[in-house]
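Biologist: I would like to learn how to read a model like this one, feature by feature. Could you walk me through it?

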Amino acid sequence: MDTLLALLTVFTQPQLFLLVGLGTFLGVYIGAIPGLSVTMAVSILISFTFSWDVYPAISLMVGIYMGGVYGGSRTAILLNIPGAPSAIATAMDGYPMAQRGEAGEAIGVTTVMSFFGGLVGIAVLALAAPFVAEFALTFQPRDYMLLAVLGILLVGSLSAGSLLKGIFAGALGIAIGAVGRDPLTFAERFTFDFQIMEGGISFIAVMIGMFGISEALLQLHHVGAEAMRQKIDRIVPSWSTVRKYLPLSLQTSSIGVIIGALPGTGGDIAALMAYDHAKRVTKKPTRPFGTGAMEGLVAPETANNAAVGGAFVPMMTLGIPGDAVTAIMIGALFIHGLNPGPMLMVDQPQMFWFIVGALLTANVFILICGLTGIKLFTKIVEMPRAVLIPLIMLLSVVGAYAVNNSVTDVYWMLGFGVFGYFMRHYGYPLGPVILGVILSRLLDDNWRRAIISEREDLGAFSAGIFGSPLSLTLLLVVVAIFVSQTPVYAMLKSRISKRAADQA
Amino acid sequence: MKTFLAGLSLLAMTGGSALAADYPVKEIQGIIQWGAGGSTDTVMRAVTPHAAEALGGNIVMQNKTGGVGAIALRYVQQQDADGYTLLMGAENPQMYKVLGLGTDDYTDMVPINVLARGVPMFVANNDAPYNSMTEFVEYAKANPGEVRVGSTGPGGLTSIVLAMLTDQEDVEFTRVPYDGDGPALTALQGGAIDVMPAVLGAAIEGVKAGRMKVIGLVDTQPNDLLPGVVPITEEIPGFADYLPWGPFFGVFVKKGTPDEVVAELQAAYAEGAKNPDFIELMEDRGFIVMSIAGDEAMDFLESYRSTSSWLVHDAGFSKKSPEEFDIPRP
């Protein structure tokens, strides 16, 4: 009974309910603007809500978090500029849809599927948080390393056209991620003794430059062209459409929850993995992937919203942040006099249920905020390019500066923008670069941790992998995906089907 | 022309002193050296609103991370010495010089308030076959290199506490690097590492819940939050040479800031640190509230720097000798 009351706190207090709504609304717009990140918004809110009670403060933060993760898809679909790293995969099929004049439909489906993904995440949080948290804790450095290797194999799905160019782009990304003082030993890497390189290259700056600036430069080619008229009569997807993608979204949501719950990986990796998964399991996509496949939109959007619920799992049960935003929320709980940790669930279970309730409310507000105001948003794409392009440039500069209040990041962003423009020109995909930057540290740090803990003994390291069911499973998945991308697999497949035909 | 210039400079001077008198006339920037959600961030965001209230001004905080905090310090040192840019940092800068991470440390700045000090402790995985420092040292001696200890990079708390231990006892560990005590303590619970020296506040909740155990308290006094745990000096008396030692949080301004401004800021933060909410927050997390300024703060900073610099130097991972910077041996 107490549980139910705590869960319903948000609904019974109009003030809290409205704060969650306001947060979600703001979050959608903050998330939509590249560079204005949820992490930043939530950390500003800590000072802003300092004198408030803990419930209203948390309500607003939860709303912004949920809304922001969803909002990233908006600009990804409309402008090909992901508003947040977790929306990179969304742009790959979302933007081609907008180019066909189907932005309204794309946003509609994204909204409903984000809602669904969010729901799966919250359900797992509410029903299985302690189990999922214990499972997440069993991940050893070698498992994180294998996960990163698995991520790197996604280069294959993210490279439209030449795989070779995709691999080059991915390798470049990994190198960019390694620049700066190595956080484990403080040794300088690829800094060439420039002070400016010491802090590393902000990955958000790379992302904004590569997607924002390069897109704006590319659009300059058609500055006079008439903008595509958008059809906005079919926004809310029909029940049959939703039902069709339900099995896929259930799978991708599960990926989202698990990746979100692991401390050290978040919605960005979850969305990319989900995209890759969709590409593998979907036999007949609505259109080929990369040209506006609905499946390519559904997968990352369900996964990144499911990852929100996932990120709260270790935070609420163990006081361990699942990602950057939950890390800040832990700080907020401290400031408000709570002690987030393993005892929070025991001492103050009402806090847990209150957050579950707030997440549910925010999820519903996503549907409301998402399905209204689409008309206004699609107008953005219909704007004359002479207005749109400077606007993109401006937002990119502001966004890059805001990440760390550093002008250096703006220079990096502009540099990578111009570089990205030429990469696109010569058919190099940009997705793998960002993938490389995201995975660079995950791979590097965990490989070193894994091998150092085995006292640099490769034999003991391998024994560790083969001795643990989790590591072994991850290794087998890596091998299977790798083999499936080589000619060996095609050869085997045709031989098996031939044998089956012979027997028949 | 000359009189005009003189008049102008006079105007500028009176303007300047007027500025100091009604400081603050504009928003004050607070640069937090570490990322959002970390302990420095939490402490600063908890105390600053109270200090701002006492000051009657507005302090806007932002996080500027990178280079173990050196980027934030360098930024503050590049601004005008007018008291409108505050550095909100942790202990790290005191090691910049010997580790070659930067040219300035807190002795090149003016302390506004050294707010609090943390107490380090050794925590271990629940399954570890040792329950005290004596047992731990015995085990480590019997199995050299087998114990995996989490570390947070040279100059970090773990490296210095381990340097104290290896200075006293002949032990060998495998050091697994993590970027922060949070991730390392997570790894400890998952069994990826066996032992971790960490600040009390970071591990206390895990200890209370029985997810990890304390094997040593690196202080000269027992701690109320850890009933039944003896201070390390009772097991390894040699530690008394370095203690009390611990990470700290403080607010600093650039050297050359007008004295009146420094005094106003010091008064404001001293007032802010008296706030019961802040004190409760700090005590819950096991931090010892100090709230010191002036010479007292300088002595504390100097003692931290000399103990840590020489430990690091003797352990062989300094880039430069403390002698180069006239850092006296403790």
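Modeller: Happy to, and let's begin with a loop: P244(B) is found in the loop between α9 (232–235) and β10 of chain B. Keep in mind that this is a predicted model.

Biologist: Which residues does the cis peptide bond join there, and what is omega?

Modeller: The general idea is that most peptide bonds are trans. Here L243(B) and P244(B) are joined by a cis bond, with omega at about -5°.

Biologist: What about backbone angles: what is the phi of F192(A)?

Modeller: As a rule, most residues other than glycine have a negative phi. F192(A) is not a glycine, yet its phi is positive, about 50°. You will find F192(A) in the loop between β2 (188–189) and α11 of chain A.

Biologist: Now the sheet in chain B. In what order do the strands run?

Modeller: Read a sheet by following its strand order and then looking at its edges. This one is an open sheet of 6 strands with mixed pairing, in the order β2-β1-β3-β10-β4-β11 (chain B). β2 (59–63) and β11 (287–292) of chain B each have a single partner strand, so they stand at the edges and one side of each has no neighbour in the sheet. On average, neighbouring strands are turned by 20° against each other, direction ignored.

Biologist: Which helix packs on that sheet?

Modeller: Helix α2 (residues 39–55) of chain B does, touching β1 (28–32), β2, β3 (85–90), β4 and β10 (248–254) of chain B. The direction of helix α2 makes about 165° with that of β2(B).

Biologist: And in what sense do β4(B) and β11(B) pair?

Modeller: Strand β4 (residues 109–118) of chain B pairs with β11(B) in the antiparallel sense, over 4 bridges. For a residue to look up, take G118(B), whose bridge partner in β11(B) is F287(B).

Biologist: Let's move to the interface. How many residues of chain A are in contact with chain B?

Modeller: For an interface, look at the contacts and then at the buried area. 38 residues of chain A are in contact with 44 residues of chain B. About 3,600 Å² is buried between the two chains, and carbon and sulfur atoms give 58% of that area. On the chain A side, the residues that lose the most area to chain B are F50(A), F186(A) and F334(A), together 16% of what that side buries.

Biologist: How much space lies in the second largest pocket, and which element gives the most to its lining?

Modeller: With a pocket, I check the volume, the lining and then the chemistry. The second largest pocket holds about 890 Å³ of space. Its lining has 37 residues, and those closest to the centre are N80(A), Y95(A), Q99(A), E215(A) and R424(A). α6(A) gives the most to the lining, with 7 residues. By class, the lining divides into 22 nonpolar, 10 polar and 5 charged residues.

Biologist: How many cavities of 30 Å³ or more are there?

Modeller: The whole structure has 3 of them, and the largest cavity contains about 40 Å³ of space. P34(A), T75(A), L79(A), I81(A), I392(A), L395(A) and S396(A) line the largest cavity. Two or more lining residues come from each of α5 and α19 of chain A, with α19(A) giving the largest share, 3 residues. The lining of this cavity has 5 nonpolar and 2 polar residues, and no charged ones.

Notes: Residues are numbered from 1 along each chain as its sequence is written. Chains are lettered from A and ligands numbered from 1 in the order in which they are written. This is a predicted model: local features need pLDDT of at least 70, side-chain atom pairs count only at pLDDT 80 or more; totals for chains, interfaces and linings use all residues. Side-chain values use heavy atoms; hydrogens and water are left out. On a 1 Å grid over the protein atoms alone, a cavity is a set of points where a 1.4 Å probe fits but cannot get out, and a pocket is an open set with protein on both sides within 12 Å along at least five of seven lines; lining residues have an atom within 4 Å of a point. Grid points are joined across faces, edges and corners, and a volume is the space filled by probe spheres set on the points. Ala, Val, Leu, Ile, Met, Phe, Trp, Tyr, Cys and Pro count as nonpolar, Asp, Glu, Lys and Arg as charged, and the others, Gly among them, as polar. Two strands pair if DSSP finds at least two bridges between them. Axes are lines fitted to C-alpha atoms, for helices over the stretch in contact, and angles run from 0 to 180 degrees between N-to-C directions. Contact means heavy atoms within 4.5 Å. Buried area is the accessible area (1.4 Å probe) that two parts lose on being put together, summed over both.
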